[in-house]
Every structure is written in C-alpha cells, then in structure tokens.
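Please work through the exercises below with the sequence and the coordinates at hand. Each task is followed by a worked solution.

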Amino acid sequence: MKIRQVSRRIAYGFSFDETLLDEDNFIKNAKQQLESLPDFNPWQYIAEFNDPGMNIDSDDLSTDLEQKTELSLDKTQKKDIERFLKKTKLYKSAIDGDFGKGTRRAIAAWQKTNKFVETGQLTHKQYRVLLVQKQRSEPVEHLKLPRELRDFSRWNLSQADLRYPTSVKTAVIHRLELDDERERLRKLYAEGEIPESEVNRLWWQRFNAFPWWRDTMTRTLDNVYGPTPVFNRFWHFWINFFAVNVEACEGEFFGNYYLTIRSNMCGKFEDLLFDAVWHPAMQEFLQNNESTGPNSRRAKHWRRKKKNKIAAINENLAREVLELFTLTPAAGYSQEDVNGVAYILTGWGQIWDDDTDERYFSIDPHEPGNHRVLGKTYKQSASRKLRALCSDLAKDPRTASHIATKLSKHFIADDPPTEAIEFIADAYIKSKGDLVAIHQATVDAVLKFGDNYAKFLQPEIWYFQIHRAVGGYLPLGFDGKTDDQRSRQVNSTLLELGHLNCRTPQPNGWSDLAVDWLTPEMMDRRVRYVGQLANKLRREKRFDPYLYADKVFGEGSSGAQYVAGAPNYKHACIRLFCHPDFMRA
Amino acid sequence: MERRDFLKGTLGTLYMMASPNMALPDTNPTEKRLLVVLLRGGMDGLASIPPLGDKNLSKIRKDILVNGANDLDGFFGINPSLRFLGSEYHKGRAAFVHATSFPYTGRSHFDGQNIMETGFEQAYAVTSGWVGRAMNAAGFSSLAVSLPIPIILRGNDVNSNYFPTNFPKAGKSVYKDVKEMWQNDPQLAGLLDPIIGRRMQHGGRGDTRELVSFAAKEMHKPNGPRVGLLEFEGFDTHALQGNEDGHHAEILAELDGVLEGFKRQMGDLYDNTVVVTVTEFGRTASENGTQGTDHGWASAIFLAGGLVKGKQVISDWPGLGSKDLYEGRDLLMTIDARDVYAEVVKTVFDLNDEDIARDVFLGYRPEKSLGLMRST
C-alpha cells in the first residue's frame, strides 16, 4: 500500500501543511506510537484552535492574574454572585446587587481559595470560573445557564471544570450524585413542585448532555490535533470492541471507561479484558451489577426476610464475555459454561455498596463455591476468580483468532485474507497476548496484505480525517437548543452522520463492513456535511482543496485531476472529500 | 439495591428515545401491503401473550408476572398494554402465533438476529434477507429506507433509505456532480438517485409514530412502497422487565400505539395489509435474578391487518413444566416461524411453495398451512 493511504487506514490521515514521512520513517513512527501510553490532554489544543467565529480565549491564568480591570456586571449578575458567595458561606450580608465592602471581602476570600490575587474585583476569567462553580453548587431547577456557559465555543475549556473522571472512583461518585439528583427531582415532581417534563429536562441539562459532549469532544480534539493518531485509531478499535451504549449506561462513566481501555493498550489483552469487564460502565451496560447468586449472602438475606425476590443470575454479560470478547459461539460452549461465567461474575459492579474493594467487588451477591467453565474448575477466592478466568480465556487460541479477525476486518478488508488473520493471531500467541506486539503486527499486516482504497471508512473516521486535513474547523459548540446550534456541535454532527460512538446500537459495536454504511441516506449526509463545511472553509481561505487532492491522491492522479476540474471551491471540496478514493483508504 | 430498582424502573421513558429505523421498498403498484416490525433484543412472548391457562406460569414468574391480562381464547391472554391489538383481535383483524421461533437455540443476539433476517438456518451464511428475496422473487425492484439498511430487506438490486436529518440539503448542481463522480464506482453508483428524486424534507430525530405515519402515507401512493419496515429495540429485558407496568409494558404500549396510528393512516388500504412481527428469540420461561429474563428460544408472533384471519391464537402449546421446557429453561418451539412468514409472503407477494423453498427460505419448505391468512 502507498504510505499516504496507510496513514489514512491506520490513523487519521494528514493535514494540508503536514510533511509526509517516507515509508520507513512512517512505519517506525507508527510503531513507536504504539509502544508506550501517550498522554491524553486534549484541552491543550483548544488554544490552538483557529476559527474567528469561535472567539476562543487563549490567554492563560498567569496573564489573567495581572489583569486588574474589573468586569462590568449588571445587577442581576451581581445578585447571582452574592447568592453564590452566601451559599459558600463567604458572604453574609444582603443580596442587593450592590458590590459594597462586604461583597468585596467575600470576593477576595473566594479569590484566595481559588488561588487568584485577592483584589476583591472579579476579572472576566474569574467570573467564568465562578459561574462554573455556581453551576455545580446550585439546584439544577434554579439554574439559568449564562449565555457563555451555554456556548462553550466562547469558553476557555482548559479552565472549565468538566468533571473529567480520570479515576474510576471519581466517575462512580459522579454517577451516584447523578442518581441522587434524579431522585431529588422526582421527589420535587411528586410534590407538585415541577412538572414531569422538567424532571428529564433539568436532569439532562446537568448530567447527560455534558459527558457525551465532553468525551466525544476530547477524543475528537486529540484525533484531529494530537501527535498519536495511530495509537488513537487502535483506541477507537478497542472502545468499539468493548462497546457500551449511553442509553443503557450513564454517560458519567464513559470518560473513565474509555480512559481505562486506553491505559491498558500497552499491556496484555487479559488485563484489558479484566479491566473492561469489571468496570462499572460495562457492569451497568450489561446489567451484571444486579446479578445475584442463588446461594449468596444476599439471597439468604432475602429468604430470611421473606422478601418476594428471586435470587438468580443475569447471564447477559457472561454470554458476551464468551461470545463477543473472547471465544465466539464457534467455540461451542454450553449453557453450563455461560452459567459458570455468570456465577463468577456475581458480586462485581456493586457501586451502591459501601463495603466493596477498590474494583467494586462485594461478596454479598457473589455465588459461593467453585465454578466450572469449559471443563476447568475455578477454586480461587471469590474476588480472584474473574481475573483467573480472564487469563484463561485470553490464552485460548480461539480468542487469539477472534481478536485477529476483528482487527483484520477493521484495518485490512471486509473479507480479509486468511493469511492476514493468521499473521496477527500468530503475533498474539507468540507474545502471549501482548497488545503492543499485536498492534504492531496489525500495522505490518496492513502493509503486507492491505490494498489501496480497499476499506470503506466509517463515518467517524472519515469525519476526523476531513478535519485533520483542513487543520481543524471543528464545530465546538455546546449542545444547543435549536437545530442550527446543534449542527455546530461534534456530537450532533456525528449523530447525523450515523456514527455517534456512544450510541452503538448493540453490544457488538459498530460494523466494520461497508455494506452496513453504504446507504443513500448516509451518503447524502456526507455530501450535505461537506457542503456546509466548504462554505466555512471558503471564507477562511486557508485550505486549498486542489493542492490537497494532489497530496492525498497523488499528483496527476485521476482523483487529483477530477478535483482540479471542479467548477468552484465548494464543488472542489465535495469532489475531494466525497471522492470514492477519499471515502476509502 | 431497592432504591436503584425504583430509579431505573421509573426512568424507563428516558431511555425510550431509541429511534426505530424504517425501510420502505418501492415497488410496482399493487393492492397488497406488508409492514414488517422487527423487535430486536428477543421479545418475551410469555409477557406479551401470557398463557393464562398454564398453571405453571405464576409459579415461575413473580415480579414480572403480568396481571390483568385480557382473555383471548380461554387459554391465552394479552398484555393490557396491547390495547389496540387486543381489540383488533376480537374484531377478527389480528391473530397470534405462540411457541414459535426460528430453529435456532444458540441464544446469541447476533447470530439470532442474523438468522431472523436472513431466514437461513446458519448465521452469517447468506448476506440477503428473506423479505428482500421474497420481493425479488415477486419481481419487484425495491427502495429500502432507514440508516443502515437492515439485512432482512437486502437482496434487491436497488436500495434506498430514509431517516429525518437536520442537515440542510445540498443544491441540485452538487448532487448532479456527485452522481457523475460516483457513476463508475461499484458500490456508490446510483446510490444518490432516490435522494435526488425525493421531495420530502423532514427535520427532527425520527419519532416512531411520525415515521410510521410517514410510511403509511408513502405506501398509499400509486407507485409507493409495498413493504414498510420498522425496527424496535429494547426487548432485551434482562433486568427490571416489569409486569403489566414497567419497561416491557411500555415498549409494548409504544408498539401498540404505533400500529394503531399505522392503521388509521392506511385507511381502506389496511384491508389489504398484513402487519407481522419478527424477533430473534423468546426469553427464559422463569424470571432471573434481576426481575428480568435471559435469552431463550420460542416466543410469540403478532399478526394484524385486513388480510389476517383474525381472532385465533395458533399454537401447539408445549407447556411450562420444567420437563416441557427446552433444556429445562426455554419455551419450546413447536411452530417454525418460517411457516408463519411463508404464509404471509405467499399472500402479499402472490408466491407459491416452490418460490418459498427456492428463493425465500433457501431450501426450507413449510410442511403445513396454519390458516393465518384470509383467502384472497
């Protein structure tokens, strides 16, 4: 394969001003990216964002510290600030919308706790930091999001508290807060304080819209601007392999779940498998957290209390562990094997239980005793069985073959040659499931067995490649209320293109096959999207579709000539990005 | 645990946003119409059409036992959420088949759905769908409509799909240009034709009722589609399934309301219509540990429309005793679902048994007639 096509197959392509590496260096660089876990700090790219329509504030905190000029605020805004300061016990006087001595002192105290210079006067930036804090502290039904919070494109994201859950513990705390909030709103509804329609609206406003937006956005930024697109493409593969859906799993878990998968990508598959399976996101998505062993303590408690509850397992996750994550049904496991896995899985995902270990395992619903799976008896202590099972399943050559098949279908061809699958499976077996070796073998397999333009790109990949090509121009608006606002947001754009990652229809993830994506409606949307984007690009005059066509298709190639013959700029962009050779790699 | 149960249960509606896909194959104008409703996830036949006359039912189900089911024929009842279908049944315009499924016992969604859509006994062995092949056999070209085109409709030369979007439509010259650019591409050629010719402009996110009434309107047109396809998700009720209330009842009520709206929109044409449901498998007969049910085998099929010989529940009831159940847990299949679907497509597409065996179910020849259709 040509290296520019390989870069579009195993990464997100290249921008118009990027120098393409030669084959040796490209492969060397690609393999290096896969060797160690890269940092994930996508917010850093916001400041580089270059779209005059967006008004991104790029000055950092240090310059702000010297900025003494006070922001002018109206009386309502001042009252809001006073209310917030009163709530945080920094301010004790009347809510009068008048910044007297008391308010100034309170502002200074607030500045002190937030490590700003204590001037008693709010700068523009401090005001926004305060608004974010206020947003988190107030009951959501009183929340009147200020304009600039509604439109995050005007917001310096590096300073906003985006509740990014880097630790699973934080994610779980957010998840529980979310439940409490929902319960509180339901109570308000029950008491006739708010109409039913408000329950969902207010709850969504505070929680659900936020994490989706955040997780799609962070991944988008890193894919489009970041230095490790090859690593990220494999990340994309694994979050789809261990798919969870926001309709059955709270969005609060997504960020941490995705990061957990990412952090395992330079280790062994068995560790990745284990960490994905016990993660509260997966536990909640496939409802294993509610599975109860029929002879567990919890079951006995129910029986003693004569609770009218059936203590039994839920085999949902157990079945998918065997079917989707490891052996596949071709392995011919039995219902007893599925039950065995389900027994081993009881006890995990107990985030509501105060008495769990750091992975949220609780003995309470766990089915005691030894459990058998595929002829092997698991005799370990309760919380160690799952780890042992994951190890065994990961060692199985049928798992190696399954992972190799999935990687081949994703990266090489819809109907990959057997040799390619064997090549990757061989790397899996030789390295005992080492993901660096497996990923690097996949890169080699793409070069060895892949053909140019043989893979039709999924909408998300196609979309990121366009934005990487043009050097950004991402729609970074916060979830808006009108259709027009929505169309300026990455999440809704991906939804319209038919591929919003967090909405995978079923646990087997998004399809790798062209036949599932090649439909008139989805193709029409690609045309429509590029048309919209072209209008924006034309105004900016930075991106040259004619030059880029030379770069991506090759100088003098039929694709490049076709773009060159376009009657105008918009048609040129559409001929470029909707060209069969751009939609494939 | 209990607080969470309450929350999840009461929040059911919040998760009901799943937008069904819809597909409308375009064909020559004929009188008969078909609406296929895919119930993804494995629909619980014992909760939708509970066998009230089987004394074992209340022994193996507690939290999820459906109370207040309305009697159908003295043995079977119907979930009160299926209000419209129940009343249609008594008017002789709806029928049910019970303890039916495809002959697949593997309990995997993905294999099961592939089999229910391809209509072949092995998963992933063929790439076309039984409805698509039936239309092909009848000599109809097709226009399919939805985001991904469901496998069940594949197998026709021309396919199209439709789903509302908020993206503004591109200009005529753009479509013309793209059409030319794609004309020699084996996968993309002609793909935009249905879009270019289409006049409808729908914004929004695809509310189910809106979509089905749109489907009905299109099916009304002289050259309109002959088959509509609607997808429902959310039948994979492993946890907190609910009984006459709760999650499962809510989806059934949604389905029921959608079918009622479809009938209203179809008007007189409803007399020449069959509505039929398809699901990958039924669920365990017993309740599981999370007030739900796991993957099972046999389920129920709903049939409605003027072409259906209604007011009957066709079943060779296998029983719910532990010895009666498949592997001691699933309702046994006693009627091959293909027998039911063969009758439907034979009627709607005027096909014979040879066509069915050759083109539709690829080697499978239904053995007996169930008498589900009115003679036309």
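The exercises that follow concern a predicted model.

**Exercise 1.** Determine which residues have the most contacts inside the largest nonpolar core, and describe the surroundings of A:Phe242.

*Solution.* Step 1. The largest nonpolar core contains 152 residues, and A:Trp238, A:Phe242 and A:Phe269 have the most contacts inside it. Step 2. With neighbours within four places in sequence set aside, A:Phe242 touches A:Tyr257, A:Ile261, A:Phe269, A:Leu272, A:Leu273, A:Ala276, A:Met282 and A:Phe325. Step 3. A second core, separate from this one, has 47 residues, among them B:Leu65, B:Leu85, B:Ala94 and B:Ala216.

**Exercise 2.** Compare the span of helix 8 of chain A with the expected value, and identify buried residues in this helix.

*Solution.* Step 1. Helix 8 covers residues 168-190 of chain A, 23 residues in total. Step 2. The expected span at 1.5 Å a residue is 33 Å, and the distance from the first C-alpha to the last is close to that, at 33 Å. Step 3. The buried residues of the helix include nonpolar ones such as A:Val168, A:Ala171 and A:Leu178, and also A:Arg175, A:Asp179, A:Glu181 and A:Arg182. Step 4. After the helix comes A:Gly192, which has a positive phi near 80°.

**Exercise 3.** Characterise chain B by its secondary structure, burial, contacts and exposed surface.

*Solution.* Step 1. Chain B has twelve helices and ten strands. Step 2. Of its 376 residues, 63% are buried. Step 3. Among contacts in chain B with a separation of 6 or more, 75% join residues 24 or more positions apart. Step 4. The chain exposes about 13200 Å², of which carbon and sulfur atoms supply 48%.

**Exercise 4.** Which parts of chain B does the salt bridge between B:Lys263 and B:Glu88 tie together?

*Solution.* Step 1. The side chains of B:Lys263 and B:Glu88 form a salt bridge, with an N to O distance of 3.1 Å. Step 2. B:Lys263 belongs to helix 10 (residues 247-266) and B:Glu88 to helix 4 (residues 83-90), so the pair links parts of chain B that are 175 residues apart in sequence. Step 3. B:Glu88 has 1% relative accessibility and is therefore buried, the cut-off being under 20%. B:Lys263, at 22%, is partly exposed. Step 4. B:Glu88 also meets B:Arg93 in a salt bridge of 3.4 Å, N to O.

**Exercise 5.** Classify the exposure of the two partners in the salt bridge between A:Arg359 and A:Glu358.

*Solution.* Step 1. Their side chains meet at 3.8 Å, N to O. Step 2. A:Arg359 is partly exposed at 30% relative accessibility, whereas A:Glu358 is exposed at 57%.

Key. Residues numbered from 1 in each chain as written. Chains lettered and ligands numbered in written order. Predicted model: local features only at pLDDT ≥ 70, side-chain atom pairs only at ≥ 80, totals over all residues. Heavy atoms only, no water. Core = buried A, V, L, I, M, F, W, Y, C linked by side-chain atoms within 4.5 Å. Buried < 20%, exposed > 50% of the residue type's maximum accessible area, 1.4 Å probe, protein only. Contact = heavy atoms within 4.5 Å. Helix = DSSP H or I, 4+ residues; strand = E, 2+ residues; numbered from the N terminus. Expected span 1.5 Å × (residues − 1). Areas by Shrake-Rupley, 256 points an atom, 1.4 Å probe, with all protein chains shown as cover. Salt bridge = Lys/Arg side-chain N within 4 Å of Asp/Glu carboxyl O.
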